[in-house]
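Hello,

Here is the structure for you to look over. My notes on it follow below.

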Amino acid sequence: MESEYLEELPETDEPVWILGRQHHLKNDKSKLLSDVSARLWFTYRRKFSPIGGTGPSSDAGWGCMLRCGQMMLAQALICRHLGRDWLWEKHRKQPEEYHKVLHCFLDRKDCCYSIHQMAQMGVGEGKSIGEWFGPNTVAQVLKKLALFDEWNSLAVYVSMDNTVVIEDIKKMCWFPSQDCPSAHCSSLLHKSLLSRNKSPGGFCCGWKPLLLIVPLRLGINHINPVYVDAFKECFKMPQSLGALGGKPNNAYYFIGFLGNELIYLDPHTTQLFVDSEENGTVDDHSFHCQQAPHRMKILNLDPSVALGFFCKEEKDFDNWCSLVQKIHKQQSLRMFELVQKHPPHWPPFVPPTKPEVTTTGAELIESTDKLFELEEEFEILSV
């Protein structure tokens, strides 16, 4: 392995930050290692059913950024259902939600965030199956796939032109139910009376948990050193989901840092396809990295990256905005802009909605009869 990739963790007084949590190597290295191994680790796999029926049955050599996107999203779902402090332990019975989260990512065409679904959704983003994705493409694919995922009910916001718009995110995350008077809901957009409500059940409105992805270019050919401190600060935020990035055609999932070295999970290991058991559980040992994490110097990072954040409730998002504003005050050059209002020269913001008729890998319309049935139903509904 190249010398810039560092292996064993050093004995040091410097704190290590992993996805918003601080660890001290000298006092408790085991806590740090169990925090890293608890993250879902997705790698290349082989011998899964061919993508699209006739495509590749392994993603070795091309799927690394898709796997990193899966890892970032899986971290958001673990935080959503089990909390950031949940830890995985080998041979211990895991909660049902854990198996449901893992199931979303199995390499099968009927799992909502499988390599099959991601590769096929990438076709709409101009990427043929088997082609390498960049950080922005994988973010766009996750945004589209999340519309079909009713169990997790995530709002996925991918920033545009290095700008995060607070007004658009609030519009996207506050959702009314069918029997909610719209005037009441629109007033809640401005005055969040229900922010203390953890579950929208029984209320007419609710906050959809937010996955916020910020694609960035932090330099031309190399990362500009002026961004390093702000980039590191993002890993300290309690909302942190780390970053997608790496080297050209070589993606890693960055989860933290030690000094001026980034800590990452590496998808470049090819493992055999694993399916769920009859009872719905998954033999999950190969989905957790149980060795010291990889490290690389921040200045060796390719400048094209995507930061990820998860805000389960509105107060988490408001807190994230405050933290970003604090970082901005200390920086001469900002990584991205955070603005209150939708820029007037942009097209209007329309929260994405699930298409009525879909052909994602799991739900191909196999015959024209089915299509005619759908058309007839639509005509009856619209009469």
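**Pockets, cavities and buried spots**

β7 makes the largest contribution to the lining of the largest pocket, three residues. This is a predicted model, in which local features need pLDDT of at least 70, side-chain atom pairs count only at pLDDT 80 or more, and totals for chains, interfaces and linings use all residues. Residues are numbered from 1 along each chain as its sequence is written, and side-chain values use heavy atoms, with hydrogens and water left out.

**The largest pocket**

The largest pocket holds about 440 Å³ of space. A pocket here is an open set of points on a 1 Å grid over the protein atoms alone, with protein on both sides within 12 Å along at least five of seven lines; lining residues have an atom within 4 Å of a point. Grid points are joined across faces, edges and corners, and a volume is the space filled by probe spheres set on the points.

Of the 19 residues that line this pocket, L147, L154, K208, P352 and T353 are the closest to its centre. Elements giving two or more residues to the lining are α5 (135-146), β5 (155-158), α6 (166-173) and β7 (174-176). Helices (H or I, at least four residues) and strands (E, at least two) are DSSP runs, numbered from the N terminus. By class, the pocket lining has 11 nonpolar, two polar and six charged residues. Ala, Val, Leu, Ile, Met, Phe, Trp, Tyr, Cys and Pro count as nonpolar, Asp, Glu, Lys and Arg as charged, and the others, Gly among them, as polar.

**The cavity**

Rolling a probe the size of a water molecule over the atoms shows where empty space is left. A cavity is a set of grid points where a 1.4 Å probe fits but cannot get out. There is one cavity of 30 Å³ or more. About 60 Å³ of space lies in the largest cavity. Its lining is A230, C234, M237, V324, I327, H328, M335 and F336. Two elements, α8 (228-236) and α9 (314-330), give two or more residues each to that lining. The largest share, three residues, comes from α9. By class, the lining has seven nonpolar, one polar and no charged residues.

**The chain and its helices**

The protein chain has 10 helices and 16 strands. Of its 383 residues, 50% count as buried. Buried means under 20% relative accessible area, exposed over 50%, partly exposed in between (1.4 Å probe, protein chains only). Contact means heavy atoms within 4.5 Å. Among contacts with a separation of 6 or more, residues 24 or more positions apart account for 71%.

In helix α3 (residues 96-103), the buried residues are Y98, H99, V101 and L102. They sit on the same side of α3, because they cover an arc of only 160 degrees around the axis. The arc is that of the directions from the helix axis to the C-beta atoms. What covers them includes α2 (64-81).

In α8, the buried residues are V228, A230, F231, K232, C234 and F235. Their cover includes β2 (15-18), β10, β11 (250-258), β12 (261-265), β15 (304-311) and α9.

**Cysteines**

How many disulfides does the structure hold? Zero. A disulfide is a pair of cysteine sulfur atoms within 2.5 Å. The sulfur of C104 has its closest cysteine sulfur in C112, at 4.0 Å, too far for a bond. C104 is buried, with a relative accessible area of 8%. C234 is buried too, at 3%.

**Three buried positions**

- G245 is in strand β10 (residues 240-247). It is buried, at 4% relative accessibility. Its C-alpha atom is 6.9 Å from that of D302, 57 residues apart along the chain. Leaving aside neighbours within four places in sequence, G245 contacts M65, N250, A251, Y252, F254, S304 and V305.
- F287 lies in the loop between β13 (271-272) and β14 (294-297). It counts as buried at 3% relative accessibility. F287 and F42 are 245 residues apart in sequence, yet 6.1 Å apart C-alpha to C-alpha. Beyond neighbours within four places in sequence, the contacts of F287 include R39, L40, W41, L102 and V274.
- S159 is in the loop between β5 and β6 (163-165). It is buried, at 7% relative accessibility. Outside its neighbours within four places in sequence, S159 contacts V164, I213, V214 and P215.

Best wishes
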